[in-house]
Amino acid sequence: MTEIASTHYPPGPSYRDRLRNPGILHLSTHEFLERNAGTYGDIVHYRAFGRHVFQFNHPEMVQEVLVRDAAMQHRGIVMQRAKFVLGEGLLTSEEPIHMRQRRLVQPGFHRQRIADYGGTMLQFAGEMTSRWHSGDSFDIHRSMLELTLRITGKCLFDSDVESEVKTISDSVTAFMGFLPLAFLPYPHLLLKIPFGFPGRIRKSQKKLDSLIYTMIADRRRSGIDHGDLLSMLLASQDAEGGTGGMTDRQIRDECLTLLLAGHETTANGLSFIFFLMAQHPDVQEKVFAEASDIFEDASSQTLSAAEIYDRLPYSQRVVAEALRMYPPVWVTARTAAVSYAYRGLAIPAGSLLLVPQIAIHRDARWYPEPMHFNPDRFLPEAIAARPRHAYFPFGAGSRICIGENFAWMEAVLVLASVIRNWRLGFPGPAPKELPLSAQISLRPRDGVVVSAAKR
Ligand code: HEM
């Protein structure tokens, strides 16, 4: 039976409204999506550059759009263009390649493996804070970018990139700079310009490629199984033989994807968490009380990193609430691959479908006083009283974040291990708001400058 679909579209912002939105060149800023949700309701519609744009703002729609109707969509033009940089990795690939790659990468993220990574997370967080001095003020966003890069490098590729951390993080930053270019037509031609910004991106690409290909070649030569993700990807190639296995190029694409996807988002999430800690000393003291109890136990070597994680329920709620207020992935975008009917509405092929974490996470229907930081919103009974998809910082459906458990473990352990020894504040008066930049990911626009005092 064919559903009769209406072409009478729901309301949305006019051209004039959108021209007034300063973020129009970045496709849409987070304020724009939040304002649309507040003004026009659960489904917002407008046209941009000749395309229909639908914004879905209700938790039930998260399930319907991202899970139920996923077969009718693809990742969209930006991810297609990002292939110039990322190749056919998990982020950019479409079915059926995506499912196959996901099956090969998934074992690297099993619970037991993540539990093993916990030790490295604690060790590197401890090494970072051992270089801090009481009374120092510094940009903790920068520290988190370095820390998460080191952790990702070590856990996934058993490579301690500390000596190269500056080179890699500069390369990764320049590289991330390509992604906004992907919104423009012919980005591959732009990339051919040998000087200026495109030239820097190409140089970064070369540096990162050379690092990753060297890692792959070293592993093949030594034949040693390091028990990390890279060994696993190489083994899957051997096991499947030349026909169905992964080529060096595919392995490079997955390594680069994981390095980029795993590093920036978690660093941004941790920066939001520490901003909120500095802003809310009362909450910070509760994290301290919980962490110091557990770590005293751990120092008697009775607890593994995974057990420490399980015994930090309050810190877990702090992380959950921070990712609600400041979701590092602030909007999930899809493109309709075919024309289809959604709740009686005609969705033409080629429409841009937006499901904004930031608008749903800040909706007062599910989170009264949404900009009030309250970790108890994540007590089990409070979660049970909300619709299931009112919280989806890691997405939903077949493309849900593969690194979700890794990110939880990292954020909670780094939070607890820092606050256990350090009291964070601001060098001047506490800022009321954190200026944000919402491009590919949501990040603090001007960093997060904190002062640290040794406890
Ligand atoms: C707080 C930290 C993180 C957040 C908020 C986050 C969020 C997300 C979201 C929302 C998606 C789905 C995007 C979509 O549906 O279009 C995603 C996908 C992905 N994430 Fe994460 N992520 C985080 C950390 C990580 C880490 C630590 C890794 C790896 C080490 C990682 C690797 C990936 C990959 C590979 C994908 C693509 C999965 C696929 O399409 O099959 N992420 N992430």
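Biologist: Which residues have the most contacts inside the largest nonpolar core?
Modeller: Met 121, Ile 273, Phe 274, Leu 413 and Leu 415 do, in a core of 103 residues. Keep in mind that this is a predicted model.

Biologist: And which element gives the largest share of this core?
Modeller: That's α13, with 16 residues. As a general point, nonpolar side chains in soluble globular proteins tend to be buried together.

Biologist: Take Leu 415, then. What is it in contact with, leaving aside its neighbours within four places in sequence?
Modeller: Leu 415 is in contact with Ile 273, Val 287, Ser 315, Val 318 and Val 319. Ile 273 is also on the list of residues with the most contacts inside the core.

Biologist: Met 121 was on that list too. Which residues of its helix, α6, are buried?
Modeller: Met 121 itself, plus Ile 114, Tyr 117, Gly 118, Thr 120, Leu 122, Phe 124 and Ala 125.

Biologist: What do the buried residues of α6 pack against?
Modeller: Three helices: α7 (140-157), α15 (305-310) and α19.

Biologist: How far apart are the end C-alpha atoms of α6?
Modeller: They are 27 Å apart. Helix α6 covers residues 111-129, and at 1.5 Å a residue its 19 residues should span 27 Å, so the two values agree.

Biologist: Switching to the ligand. How many residues surround it, and which are the closest?
Modeller: There are 23 around the ligand, and the closest are Ala 261, Gly 262, Gly 395, Cys 401 and Gly 403. The elements giving two or more residues to that shell are α13 (248-279) and α19 (404-421).

Biologist: Which element gives the largest share of the shell?
Modeller: α13 again, with seven residues. So α13 has the largest share of the ligand shell and the largest share of the core.

Biologist: How does the shell divide into nonpolar, polar and charged?
Modeller: You get 12 nonpolar residues, nine polar and two charged.

Biologist: Now strands. How do β1 and β2 run?
Modeller: Antiparallel, with six bridges joining β1 (residues 43-48) to β2 (residues 51-56). Arg 47 stands opposite His 52 in β2.

Biologist: What's in the turn of that hairpin?
Modeller: Two residues lie between the strands, and Phe 49 in the turn has a positive phi of about 50°.

Biologist: Last one, the whole chain. How many helices and strands?
Modeller: It has 19 helices and 12 strands. Buried residues make up 40% of its 455 residues. Among contacts between residues at least 6 apart in sequence, 76% join residues at least 24 apart.

Definitions and conventions: Residues numbered from 1 in each chain as written. Predicted model: local features only at pLDDT ≥ 70, side-chain atom pairs only at ≥ 80, totals over all residues. Pairing = 2+ DSSP bridges. Helix = DSSP H or I, 4+ residues; strand = E, 2+ residues; numbered from the N terminus. Near = placed C-beta within 6 Å. Nonpolar A, V, L, I, M, F, W, Y, C, P; charged D, E, K, R; others polar. Buried ≥ 20, exposed ≤ 12 C-beta atoms within 10 Å, placed from the backbone. Contact = placed C-beta atoms within 7 Å. Expected span 1.5 Å × (residues − 1). Core = buried A, V, L, I, M, F, W, Y, C linked by C-beta atoms within 7 Å.
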